[in-house]
Amino acid sequence: VPADFVPVGLPPEFTAADFAKTARLRGRRASAALRVLQAVGAVRLTGTLRGRARLYRCTAADILENEEQ
């Protein structure tokens with residue numbers, strides 16, 4: 001499952017900086033990892049911003065929310 005590659009401890013919505021800190025990656029590696037996670041469907045853009053930063057969401061969080069409803 002692609003969502004297994006998302007670091008544990010991320011908030012439901014997170015920025016690339018949040019991801020980098022949680023995954024203990026820097027700069028280009030964090031950006032590349034986030035792009036790969038988007039490509040495989042583990043993470044998606046929410047379309048909203050926090051300041052100037054884009055917000056992402058783990059697709060597993062979406063699945064869990066849908067199951068609770």
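**Entry 1: helix α2**

I began with α2 and found its buried residues to be Ala30, Leu34 and Leu37; I take buried as under 20% relative accessible area, exposed as over 50% and partly exposed as in between, with a 1.4 Å probe and protein chains only. These three cover an arc of only 60 degrees around the axis, so they sit on the same side of α2; the arc is that of the directions from the helix axis to the C-beta atoms. An α-helix has 3.6 residues a turn, so residues three or four places apart point the same way.

I then looked at the face turned away from the buried side of α2, which carries the exposed residues Arg28, Arg29, Arg35, Val36 and Ala39. I noted that α2 has 13 residues and reaches 19 Å from its first C-alpha to its last, close to the expected 18 Å; the expected span is 1.5 Å times one less than the number of residues. After α2 comes Gly41, with a positive phi near 90 degrees.

**Entry 2: source and layout**

The model is predicted, so local features need pLDDT of at least 70 and side-chain atom pairs count only at pLDDT 80 or more, while totals for chains, interfaces and linings use all residues. Residues are numbered from 1 along each chain as its sequence is written, and side-chain values use heavy atoms, with hydrogens and water left out.

I looked up the secondary structure and found three helices and three strands, in the order β-α-α-β-β-α from the N terminus. Helices (H or I, at least four residues) and strands (E, at least two) are DSSP runs, numbered from the N terminus. Of the 69 residues of the chain, 28% count as buried.

**Entry 3: the sheet**

I traced an open sheet of three strands in the order β1-β3-β2, with antiparallel pairing. Its edge strands are β1 (13-14) and β2 (43-50), each pairing on one side only. Two strands pair if DSSP finds at least two bridges between them.

Two bridges join β1 to β3: Glu13 stands opposite Arg57, and Phe14 has Tyr56 as its bridge partner. β2 and β3 pair over five bridges, and here I found Arg50 opposite Ala53. The hairpin of β2 and β3 has two residues between the strands, and Gly51 there takes a positive phi near 70 degrees.

**Entry 4: packing and core**

I checked how the helix meets the sheet: α2 lies across β1, β2 and β3, at about 120 degrees to β2. Axes are lines fitted to C-alpha atoms, for helices over the stretch in contact, and angles run from 0 to 180 degrees between N-to-C directions. The buried residues of α2 pack against β1, α1, β2 and β3; contact means heavy atoms within 4.5 Å.

The largest nonpolar core has 10 residues: Val6, Leu10, Phe14, Phe19, Leu34, Leu37, Ala42, Val43, Tyr56 and Cys58. The elements giving two or more residues to this core are α2 (27-39) and β3 (53-58). Such a core is a set of buried Ala, Val, Leu, Ile, Met, Phe, Trp, Tyr and Cys residues joined through side-chain atoms within 4.5 Å. Leaving out residues up to four places away in sequence, I found Leu34 touching Phe14, Ala16, Phe19, Val43 and Tyr56.

**Entry 5: Thr15**

I looked up Thr15 last and placed it in the loop between β1 and α1 (16-23). Thr15 counts as buried because its relative accessibility is 6%. Beyond residues up to four places away in sequence, Thr15 touches Arg50, Ala53, Arg54, Leu55 and Tyr56.
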